[in-house]
Each structure stands twice: as structure tokens, then as C-alpha cells.
Amino acid sequence: MQNIFHKPYDTFLKAACALIFLLFVSACAAEIGDECERSNQCPAGAICDTSTPDGYCTIPQCTQTGCPQESTCIEFGQRTSFCMKWCEDDGDCRSGHQCVREEGQNVGYCYAKG
């Protein structure tokens, strides 16, 4: 006798496993401010700034609305801007970084200590 429940259960199980895998992969996706050695370790469109200790995933020449979630566009001089990981305090930043809040900015950004 054939089990009529096998096929739908098998399909459900495969779909559930695929969903768990996608959630796991997206949770591990690179973000602005992450450590890196090469740009391919950063989010799409970002580069690895290797002048920062342990690297820093960022997007150069950003606009105020052009940064991914969890990051903000910070101007360093008149013509230089980068997407930086936003923060409220040092606890929001990775090890070796601190939360810097510029005068007039409503949000801080993570930057290497030192």
C-alpha cells in the first residue's frame, strides 16, 4: 500500500529546509562596517577600505539616501563621503572601533579607535 502523505510531507520538509538555509545565509551577510580583506567580502556595491585596521566595508561618494540600512553617509571634507555603520554608543561598533558623533549629526558612526 502506498503512503499518500509522503509526497506533500516531503515537499514541505524541503521547503522548510530551504527557508532555514536562506535565513541563515542572510543573517551572515556582510554589512557596512564589517571587517574585510577584499571588496568581494563586502555587500554588493561596497568596497573594502584596507587603510582601516582589519578593513572596513564602505561605499565611497555616497549620498544621504544612498546607504544601506544600518549605515549613514558621512562627509569627510568637502568632496569625500562614505557610508559608515551608524551607532548610538560604542557597544554598537565592532571591537577596536568607537561611536563618533559629530556636532550637528543626529546619529553617530563607527570609526577605528586611535
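Reader: Leaving aside its neighbours within four places in sequence, which residues is Ser81 in contact with?
Author: In this model, which is predicted, the contacts of Ser81 beyond its neighbours within four places are Ile59, Pro60, Gln61, Cys62, Cys73, Ile74, Glu75 and Phe76, and each of these counts because heavy atoms lie within 4.5 Å. Ser81 itself belongs to strand 4, and its C-alpha is 7.7 Å in space from that of Thr63, a residue 18 places away in sequence.

Reader: Why is Ser81 called buried?
Author: The relative accessibility of Ser81 is 7%, and the term buried applies under 20%, so Ser81 is classed as buried.

Reader: What makes Thr58 count as buried, and in which strand is Thr58 found?
Author: Thr58 sits in strand 2, and its relative accessible area of 2% falls under the 20% limit, so the residue is classed as buried. Once neighbours within four places in sequence are set aside, Thr58 is in contact with Ile32, Ala46, Ile47, Asp49, Phe82, Cys83 and Met84.

Reader: Which residues line the largest pocket, and what is its volume?
Author: The largest pocket has a volume of about 160 Å³, and its lining consists of Asp49, Ser51, Thr52, Pro53, Tyr56, Phe76, Phe82, Met84, His97, Tyr111 and Ala112. Two elements, strand 4 (81-87) and strand 6 (108-112), give two or more residues each to that lining. Sorted by class, the lining has 7 nonpolar, 3 polar and 1 charged residues.

Reader: Why does Thr52 count as buried, and which residues is it in contact with beyond its neighbours within four places in sequence?
Author: Thr52, which is placed in the loop between strand 1 and strand 2, has a relative accessible area of 15%, and as this is under 20% the residue is classed as buried. Apart from neighbours within four places in sequence, Thr52 is in contact with His97 and Ala112, and both of those residues also line the largest pocket.

Reader: Why is the pair of Phe76 and Tyr109 called edge-to-face?
Author: A pair of aromatic rings is described by the distance of the centres and the angle of the planes. For Phe76 and Tyr109 the centres are 5.8 Å apart, which is within the 6.5 Å limit, so the rings pair; their planes stand at 85°, which is over 60, and the pair is therefore edge-to-face. The count of aromatic pairs in the protein comes to 4, and one aromatic cluster is formed by Phe76, Phe82, Tyr109 and Tyr111.

Reader: What makes this pair tie together parts that are apart in sequence?
Author: Phe76 is in the loop between strand 3 (71-75) and strand 4, whereas Tyr109 is in strand 6, so the pair links parts that are 33 residues apart in sequence.

Reader: Are Phe76 and Tyr109 buried, partly exposed or exposed, and how do you know?
Author: Phe76 has 29% relative accessibility, which lies between 20% and 50%, so this residue counts as partly exposed. Tyr109, at 5% relative accessibility, is under 20% and therefore counts as buried.

Reader: What makes strand 6 mostly covered, and which strands does it pair with?
Author: In strand 6, 4 of the 5 residues are buried. Strand 4 and strand 6 are joined by 2 bridges in the antiparallel sense, and because the requirement is at least two bridges, this qualifies as a pairing. Strand 5 (residues 97-100) also runs antiparallel to strand 6, with 4 bridges between them. Among the partners, Cys87 is opposite Gly108, and Cys99 has Cys110 as its bridge partner.

Reader: Why is Asp54 called exposed, and what is its phi?
Author: Asp54 has 55% relative accessibility, which is over 50%, so the residue counts as exposed. Its phi is positive, at about 65°, although Asp54 is not a glycine, and its place is the loop between strand 1 (47-49) and strand 2 (56-58). Gln61, in the loop between strand 2 and strand 3, likewise has a positive phi, near 55°, without being glycine.

Reader: What pattern does the protein follow along the sequence, and how many of its residues count as buried?
Author: The pattern read along the sequence is α-β-β-β-β-β-β, which comes to 1 helix and 6 strands. Of the 114 residues, 30% count as buried.

Methods: Residues are numbered from 1 along each chain as its sequence is written. This is a predicted model: local features need pLDDT of at least 70, side-chain atom pairs count only at pLDDT 80 or more; totals for chains, interfaces and linings use all residues. Side-chain values use heavy atoms; hydrogens and water are left out. On a 1 Å grid over the protein atoms alone, a cavity is a set of points where a 1.4 Å probe fits but cannot get out, and a pocket is an open set with protein on both sides within 12 Å along at least five of seven lines; lining residues have an atom within 4 Å of a point. Grid points are joined across faces, edges and corners, and a volume is the space filled by probe spheres set on the points. Ala, Val, Leu, Ile, Met, Phe, Trp, Tyr, Cys and Pro count as nonpolar, Asp, Glu, Lys and Arg as charged, and the others, Gly among them, as polar. Rings of Phe, Tyr and Trp (its six-membered ring) pair if their centres lie within 6.5 Å; planes under 30 degrees apart count as stacked, over 60 as edge-to-face and the rest as tilted. Buried means under 20% relative accessible area, exposed over 50%, partly exposed in between (1.4 Å probe, protein chains only).
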